[in-house]
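Please open the model in your viewer, with the sequence panel beside it, and follow the stops below in order. At each stop there is something to select and a short account of what is there.

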Amino acid sequence: MMLSEIPFGRRLRYGLAGLLGGSVAPGVIALPAISEGGLAALSTALLADWPVLTALSLPLVGAALGWRIAAWEALLHERIRRLEGGASELAAASHIDRLTGLGTRQALTALGRPSRGALLLIDLDRFKYVNDTLGHAAGDALLVAVADRLRLAAGDDAQLFRNGADEFAVVLPKVTQRPVAEFVCLEIEHALAQPFDLAHGRVLAGVSIGATLMMPQDKDVSSALQRADLALYRAKEVFGPSHAFHDEQLAREVMEGLELERDLSRGFVEGEFYLEYQPIVAVENGDVRSLEALLRWHHPRRGLIAPDIFIPLAEKTGIIQVLGKWVVQQACAAAVTWPAPTGVSVNVSGDQFKDPQFVTHILDCLAETGLAPERLTIEVTEAVFSIDIDLVCRCLAELRSGGVRIALDDFGTGFSSINNLRLFPLDELKIDRSFARLMLETSQGAKLVDLMHKLSETFQIRTTIEGIETKNQLDFVKLLGIGEAQGFLFSRPFAAADALGYLQARLAKPAVPVSS
């Protein structure tokens with residue numbers, strides 16, 4: 001700030017204050033001299049004592065200093081004003097996402113207490129894949145394109161926010177009914193399901209949406225965010241674009257799932273997981289070819305947790321890596337005590353292939369336990385086709401070259417293709433248990449089982465059918481020429497401690513056709 005810009009009145013006040021303050025000392029010196037000898041005595045004293053003469057200049061110094069202080073004060077006020085302006089600009093900038101132009105999470109939480117409306121929490125699928133494969137510039141371009149489509153799909157009244165890296169939020173202030181909110185969800189799903197033509201290439205990216213209506217008891221938007229987040233958790237469990245609407249039942253189920261996720265690690269450490277075994281037998285004579293290891297979890301409060309509940313949770317949390325390694329080690333250690341050549345089958349999750357030490361661990365378990373590699377069968381489901389096929393093929397080929405057998409489990413329920421069967425190194429194809437029931441109920445079911453068996457023969461791999469529970473089912477399987485079967489007709493799963501006794505008892509009996 002220039003000195004000329006300082007108001008004259010302020011300069012005059014500060015100058016007078018400095019003049020008066022500087023006059024105190026000269027006055028204290030001059031008054032005694034004047035009272036004793038008048039002005040002549042004061043003149044003599046000034047000429048005789050230069051410090052006293054100097055003191056008389058203090059009023060002028062004080063006035064100049066006051067004048068200058070006025071300038072410093074004005075400068076300080078100007079700087080404070082600029083800082084306050086900068087803070088306001090910074091606060092405003094924190095409410096706008098620079099990349100997409102949408103509001104930020106801070107802007108969303110600053111909405112205050114909502115009186116009505118709906119909140120949609122949107123999670124972008126495959127964003128990490130785009131970032132990792134095409135680069136961060138492609139990821140940024142995708143986010144901008146998503147924001148543009150959201151503006152069109154959500155409508156003019158919608159308030160849009162970027163809530164995180166690949167998470168968006170939409171507030172619909174005029175929507176008070178669930179069907180209307182769900183319609184907007186469908187519009188968004190459709191808009192974002194279309195390919196994105198970016199400079200880096202064409203990209204597909206679906207969405208998962210968690211939705212909730214604002215409630216009168218909501219103190220702020222955070223309460224609605226928590227409900228939408230629970231709904232989003234449920235929506236993400238569904239493959240492909242999907243949405244879920246919050247309700248009390250959903251909230252209870254999601255919270256139970258989150259609690260189970262936390263209990264997985266604790267349960268493993270505290271020994272709540274164990275193995276059971278179920279035999280796979282030769283259809284012709286009932287010989288036990290192998291035992292399938294089945295992972296069980298006995299929760300201290302909930303009791304026995306079904307594998308189709310805890311396995312997906314283990315995959316989601318990553319603990320499947322630890323559980324999977326433990327199962328292989330336990331199964332190999334048990335199988336080496338059984339009469340040869342009885343083998344053991346171990347189910348492997350697709351996520352386990354992402355572990356660089358996956359193959360090494362299995363081969364190490366074989367070496368440490370002394371189990372012959374041909375007595376171990378690794379079972380994978382058709383879900384592995386959705387992972388990196390080259391990676392899975394390399395791992396399975398390496399295991400197979402080491403003597404380990406490979407089986408495709410639950411065949412017929414997934415999205416496999418003949419080409420995948422040709423590419424994958426397989427020794428066995430296991431027909432899913434659902435077909436064991438269908439093959440005697442409909443001619444179509446019977447033809448499907450026969451077709452899968454012939455497909456297996458074409459690729460020169462062994463066929464096993466699961467879920468055999470009746471003699472009629474077994475007779476039909478035998479008629480088709482399927483070599484192996486598994487199910488309650490032969491045995492229910494039994495404890496690991498009973499496996500050796502079961503096998504020894506079977507060996508003590510003469511081999512007879514199973515159907516007799």
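Helices and strands are taken here as DSSP runs, numbered from the N terminus, and the model in which they are found is a predicted one.

**First stop: L295**

Select strand β9, residues 288-299, and pick out L295 within it. With a relative accessibility of 12%, L295 falls under the 20% limit and therefore counts as buried. If you then display its surroundings, leaving out residues up to four places away in sequence, L295 touches F273, Y274, L275, P307, F310, I311, L323, W326 and V327. One of these, V327, lies 32 residues from L295 along the chain, and the C-alpha atoms of the two are separated by 7.4 Å.

**Second stop: strand β12 and E379**

Move on to strand β12, residues 376-381, and select E379, which is found there. Is E379 buried or exposed? Its relative accessibility is 1%, so E379 counts as buried. Its contacts, apart from neighbours within four places in sequence, are I280, E292, S345, V346, N347, V348, A407, D409 and K430.

**Third stop: strand β13 and its partners**

Keep β12 in view and add β13, residues 405-411. Five bridges join β12 to β13, and the two strands run parallel; to see one pairing, select V380, whose bridge partner in β13 is L408. Now add helix α14, residues 389-401, which together with β12 and β13 makes a right-handed β-α-β unit.

Next, add β14, residues 428-431, which runs parallel to β13 and is joined to it by three bridges. Here A407 stands opposite E428 in β14. Colouring β13 by accessibility is useful at this point: six of its seven residues are buried, so the strand is largely enclosed by the rest of the structure.

**Fourth stop: helix α16**

Select helix α16, residues 434-441, and highlight its buried residues, F435, A436 and M439. Turn the view until you look down the axis of α16: the buried residues fall within an arc of 110°, and they therefore line one face of the helix. As background to this view, an α-helix has 3.6 residues a turn, so residues three or four places apart point the same way.

What do the buried residues of α16 pack against? Their neighbours are the strands β13, β14 and β15 (462-465), together with the helices α17 (443-458) and α18 (471-480).

For the helix pair, keep α16 and α18 and hide the other elements. Their axes are 10 Å apart and the helices pack at an angle of about 85°, so α16 and α18 are roughly perpendicular to each other. Showing side chains, you will find A436, R437, M439 and L440 of α16 meeting N472, Q473, F476 and V477 of α18.

**Fifth stop: a five-stranded sheet**

Turn now to an open sheet of five strands, whose order is β2-β3-β1-β6-β7 and whose pairing is mixed. The edge strands are β2 (159-162) and β7 (242-245), each of which pairs on one side only. On average, neighbouring strands of this sheet are turned by 20° against each other, direction ignored.

At the β2 edge, four bridges join β2 to strand β3, residues 167-172, and these two run antiparallel; Q159 can serve as a marker, with V171 as its bridge partner in β3. Then select helix α8, residues 178-193, which lies across β1 (118-124), β3, β6 (207-213) and β7, and which runs at about 160° to β7.

**Last stop: three points in the backbone**

Most residues other than glycine have a negative phi, and most peptide bonds are trans. The following places depart from one or the other of these habits.

- Select A340 and P341: the peptide bond between them is cis, with omega near 10°, and P341 is placed in the loop between α12 (320-335) and β11 (343-347).
- Select R126, in the loop between β1 and α6 (127-134). R126 is not a glycine, yet its phi is positive at about 65°, and with a relative accessible area of 46% this residue is partly exposed.
- Select Q460, in the loop between α17 and β15. Phi of Q460 is also positive, near 60°, and with a relative accessible area of 74% Q460 is exposed.

Methods: Residues are numbered from 1 along each chain as its sequence is written. This is a predicted model: local features need pLDDT of at least 70, side-chain atom pairs count only at pLDDT 80 or more; totals for chains, interfaces and linings use all residues. Side-chain values use heavy atoms; hydrogens and water are left out. Buried means under 20% relative accessible area, exposed over 50%, partly exposed in between (1.4 Å probe, protein chains only). Contact means heavy atoms within 4.5 Å. The arc is that of the directions from the helix axis to the C-beta atoms. Two strands pair if DSSP finds at least two bridges between them. A crossover is right-handed if, with the strands pointing away from the viewer, the path from the first strand over the helix to the second runs clockwise. Axes are lines fitted to C-alpha atoms, for helices over the stretch in contact, and angles run from 0 to 180 degrees between N-to-C directions. Angles under 35 degrees count as roughly parallel, over 145 as roughly antiparallel, 65 to 115 as roughly perpendicular and the rest as oblique.
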